[in-house]
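Grab a pencil and work through these exercises with the structure open beside you. Try each task before you read its solution.

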Amino acid sequence: MKRNVSVGIIVLILVVAIGGGAWYFFSGSTSNQSGSLTASSTSDLAVLLSAGQAPFRGAMNASVTIVEFGDFQCPTCDAWYRTQEPLVLQNLINSGRVRFEWRDFDFFGPDSISASEAAYAAGEQGKFWQFYDILYSNQQTPNSGWSNSSHLQQFAEQLGLNMTQFDQSFQSGKYLSLINSNYELGKQLGVTATPTFFVIGPNGRVVTIVGDQPYSVFETAVNSLTGS
Amino acid sequence: MFFRVFRNPVYVMVAMVIMIGYCVMLLFFDQFLFIQPYFVAYVPFSSLGLLSIDVALSVLTGLVAAVSIHEIKSNANQAGGATRAGLIGMLAAVFAGACPCYYLVPLLAAAGGFGGVLGLTGIFFSVYQIPIKLVSILILLAACYGLEKAARTKCTLKR
């Protein structure tokens with residue numbers, strides 16, 4: 001009896017481990033990582049993603065748009081920012097082929113929301129992307145206080161922002177509705193992990209890339225959408 | 001003990017299946033392996049340490065699971081402690097494997113509400129995934145030692 005219970009527990013642990021992994025591997029990926037969506041759903045996705053305004057870098061009329069859903073406190077987003085984004089910036093954005101948009105998907109805690117609010121406030125003075133860079137460059141353990149209000153103000157000072165204007169905007173709470181709507185949009189689009197990238201082609205086709213994936217994946221996606 | 005168990009090809013197969021299955025799961029969770037939108041295997045230089053931990057965890061889990069099954073099947077009453085250590089080690093390895101924030105944290109945050117206990121649990125696992133995995137390796141090593149020791153004790157005459 002005791003022996004059967006022990007064997008049962010081992011089998012259960014292994015089934016949970018391997019079965020759980022397999023479940024993520026297959027079911028999770030079909031819901032939010034689909035690289036070959038149907039025509040109607042890709043159009044819907046592209047329409048949803050084009051709604052509202054999002055900070056972007058690159059050419060306004062680039063044939064491909066990459067939309068990132070991320071959290072400034074997410075270590076995986078930081079890893080992608082440090083290793084892959086420079087390659088995307090250099091080879092795809094600066095060459096005029098891609099426009100890169102940012103949408104916050106803040107779930108790590110209140111400091112994530114503060115970081116987004118501060119980045120948008122910096123954007124009013126034309127320094128959204130500089131603030132984006134400074135946030136990732138200073139990222140530490142989530143919710144350890146590295147992106148609390150006083151540190152965010154220090155980052156703003158480092159960038160030479162007009163602090164009166166920055167503080168007024170940052171503390172007004174006027175970006176909370178945008179942050180909430182981005183979060184809801186992300187959920188609506190099936191974002192369950194950060195970073196998630198939607199690569200939108202000229203004809204509305206969308207390729208979804210989830211996680212800290214290498215530059216080659218982005219290049220392949222862009223080439224497949226543009227037929228080059 | 002381990003050499004004796006793995007003379008039987010059935011246990012070699014059991015260990016291999018567990019090792020490979022668990023390793024693939026860890027590589028996927030830790031973003032060394034992607035299947036969507038394209039199949040890509042990618043190991044950044046900075047993550048070689050994490051890759052080594054994943055491989056060690058997979059190998060130890062496979063060994064401990066196969067030997068524990070053997071012990072339970074052949075010596076149910078004498079290998080209890082070591083087998084329990086093996087079970088704890090495997091359980092720890094399963095938790096350790098589910099650590100990365102990339103999947104777990106957003107799902108838990110969404111399930112438990114913003115700032116909820118589930119979300120905080122996910123963040124904890126995410127932030128401390130490497131120490132948790134190292135502790136799992138230590139538990140699995142202890143289980144290996146326990147299984148080996150239990151086998152030797154059985155061969156000693158009680159006076």
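Two residues are in contact if their C-beta atoms, placed from the backbone, lie within 7 Å. Helices (H or I, at least four residues) and strands (E, at least two) are DSSP runs, numbered from the N terminus. This is a predicted model, where local features need pLDDT of at least 70, side-chain atom pairs count only at pLDDT 80 or more, and totals for chains, interfaces and linings use all residues. Residues are numbered from 1 along each chain as its sequence is written, while chains are lettered from A and ligands numbered from 1 in the order in which they are written.

**Exercise 1.** Find out which residues of helix H3 of chain A are buried, and what covers them.

*Solution.* Start with the cut-offs: a residue is buried if 20 or more other C-beta atoms lie within 10 Å of its own, exposed if 12 or fewer, and partly exposed in between, with C-beta atoms placed from the backbone. Next, go through residues 75-83 of chain A: 7 of the 9 residues in this helix come out buried. They are Pro75(A), Thr76(A), Cys77(A), Asp78(A), Ala79(A), Trp80(A) and Tyr81(A). Finally, look at the cover over these buried residues, which includes strand S2 (64-70), helix H4 (85-93) and helix H6 (128-137) of chain A.

**Exercise 2.** Place strand S4 of chain A in its sheet.

*Solution.* Two strands pair if DSSP finds at least two bridges between them. Using that rule, you get an open sheet of 5 strands with mixed pairing, in the order S1-S3-S2-S4-S5 (chain A). Its edge strands are S1 (56-57) and S5 of chain A, each pairing on one side only.

Now check the neighbours of S4(A). With S2(A) it pairs in the antiparallel sense over 5 bridges; here Ile66(A) has Val199(A) as its bridge partner, and Phe69(A) sits opposite Thr196(A). S4(A) also pairs with S5(A) (residues 206-210), again antiparallel and over 5 bridges, and there Val199(A) faces Val207(A). The hairpin of S4(A) and S5(A) has 5 residues between the strands, and Gly204(A) takes a positive phi near 85°.

**Exercise 3.** Is each face of S4(A) covered or uncovered?

*Solution.* Recall that in a regular strand the side chains alternate between the two faces of the sheet. So sort the residues by face: Thr196(A), Phe198(A) and Ile200(A) lie on one side, Phe197(A) and Val199(A) on the other, and all are buried. Both faces are covered.

**Exercise 4.** Describe chain B, then say which helix gives the most to the largest nonpolar core.

*Solution.* First, count: chain B has 7 helices and 2 strands, running α-α-β-β-α-α-α-α-α from the N terminus. Of its 159 residues, 48% count as buried.

Second, find the core, meaning a set of buried Ala, Val, Leu, Ile, Met, Phe, Trp, Tyr and Cys residues joined through C-beta atoms within 7 Å. The largest one has 30 residues, and those touching the most other members are Ala15(B), Ile18(B), Leu26(B), Leu63(B), Val64(B), Ala66(B) and Leu140(B). Helices H2 (9-29), H3 (48-74) and H7 (129-154) of chain B each supply at least two residues. The top giver is H2(B), with 12.

Third, zoom in on Leu63(B): apart from neighbours within four places in sequence, Leu63(B) is in contact with Phe2(B), Ala15(B) and Cys144(B).

**Exercise 5.** Where in chain B is confidence lowest, and where is it highest?

*Solution.* Use pLDDT, the predictor's confidence in each residue, from 0 to 100. Chain B has a mean of 77, with 66% of its residues at 70 or more. The lowest mean, 59, belongs to helix H5(B) (residues 104-112), and the highest, 92, to strand S2(B) (residues 40-41).
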